[in-house]
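Let's work through a few short exercises together. Keep the 3D view open and try each task before you read its solution.

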Amino acid sequence: MIRLDAVTMTYPAGSRPALRDVTLRIDAGEFVFLVGPSGSGKSTLLRLLLREERATSGLVALDGVDLAAIPDRRVPLLRRTIGCVFQDFRLLPDRTVAGNVAFALDVVGRPRHVVRTVVPEVLGLVGLAGKENRYPDELSGGEQQRVAVARAMVGRPRVLLADEPTGNLDPATSEGIMRLLDAVNRTGTTVVMATHNAALVDARRRRVVELADGVCVRDEQRGAYDGEDTGEVPLPANETAGVR
Ligand SMILES: Nc1ncnc2c1ncn2[C@@H]1O[C@H](COP(=O)(O)OP(=O)(O)OP(=O)(O)O)[C@@H](O)[C@H]1O
């Protein structure tokens, strides 16, 4: 479903590639954690899948479609098939909770009566029943992220991309958001989630893809945030230099 073949991506202003020779396959229905230090290329990889950027070389394909070959005018159509959740929520401040979720259906032309039925259903699923008429600034961060997840899932996308969705949330709230993403995945949606949250990754033991300096350095089924636990006591950083 998601395919990257020898993908290198250098930003026009960048001196070094943000991604280097990354090859990756993600099947329909998988849940993949994307980990790696700040600046390792996680957001860049997600931006390529949204066609916010194009690869400098290599192939990025979604459902067999080469994203570089999609004309600009068709990119909005592509994005409607992908749900997105970001660290900073990105809700429309002048629309209510229900209005934010309905917007995602309006833009794909779903009929009014469908919107009226589906929006309350989805808000119930994410635990926001009764808060339909609040505005984003009348909600906690966790609630705002629930709205963002509701908006991302309401169109039943085949793929959901989440870029550090728990970055601004406390541990308990993060776990709640994570459970929602698990539930979305159980309905068959492929989920790719970039995260620095080791606790969430370690509690799940799902597929983990690790980037370092733009290179894919680990792709592990049932992985942990920090890679294989060898049981060894780590050496001080200067003594491990070069070992990896
Ligand atoms: N618009 C841009 N122009 C130039 N360089 C960029 C741009 N966006 C990102 N980069 C660079 O590309 C590299 C990868 O950045 P990216 O945002 O993909 O990393 P990341 O792993 O998502 O980091 P974080 O965990 O901090 O979000 C970094 O070196 C960054 O400085």
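**Exercise 1. Which residues are around the ligand? Sort them by class.**

Solution. Keep in mind that this is a predicted model.
Step 1: Look around the ligand and you will find Tyr11, Ala13, Gly14 and Ala18. The list goes on with Gly36, Ser38, Gly39, Ser40, Gly41, Lys42, Ser43 and Thr44.
Step 2: Now sort this shell by class, with Gly counted as polar. You should get eight polar residues, three nonpolar ones and one charged one.

**Exercise 2. Find how helices α3 and α5 pack, and decide whether they are roughly parallel or roughly antiparallel.**

Solution.
Step 1: Locate α3 at residues 97-106 and α5 at residues 141-153.
Step 2: Their axes lie 8 Å apart and make an angle of about 25°.
Step 3: Angles under 35 degrees count as roughly parallel, and therefore α3 and α5 are roughly parallel to each other.
Step 4: For the handedness, the crossing of these two helices is right-handed.
Step 5: Now see who meets whom: α3 brings Val97, Asn100, Val101 and Ala104, while α5 brings Val147, Ala150 and Arg151. In this contact, five residues are nonpolar, one is polar and one is charged.

**Exercise 3. Compare the radius of gyration of the protein chain with that of a compact globule.**

Solution.
Step 1: Survey the chain, which has eight helices and ten strands.
Step 2: Along its principal axes, the C-alpha trace spans about 60 × 45 × 30 Å.
Step 3: For 244 residues, a compact globule would have a radius of gyration near 18 Å. The protein chain has 19 Å, so the two values agree.

Methods. Residues numbered from 1 in each chain as written. Predicted model: local features only at pLDDT ≥ 70, side-chain atom pairs only at ≥ 80, totals over all residues. Near = placed C-beta within 6 Å. Axes fitted to C-alpha atoms, helices over the stretch in contact; angles between N-to-C directions. Helix = DSSP H or I, 4+ residues; strand = E, 2+ residues; numbered from the N terminus. Parallel < 35°, antiparallel > 145°, perpendicular 65-115°, else oblique. Left-handed = near helix turned anticlockwise from the far one by under 90°. Contact = placed C-beta atoms within 7 Å. Rg over C-alpha atoms; globule rule 2.2 N^0.38 Å.
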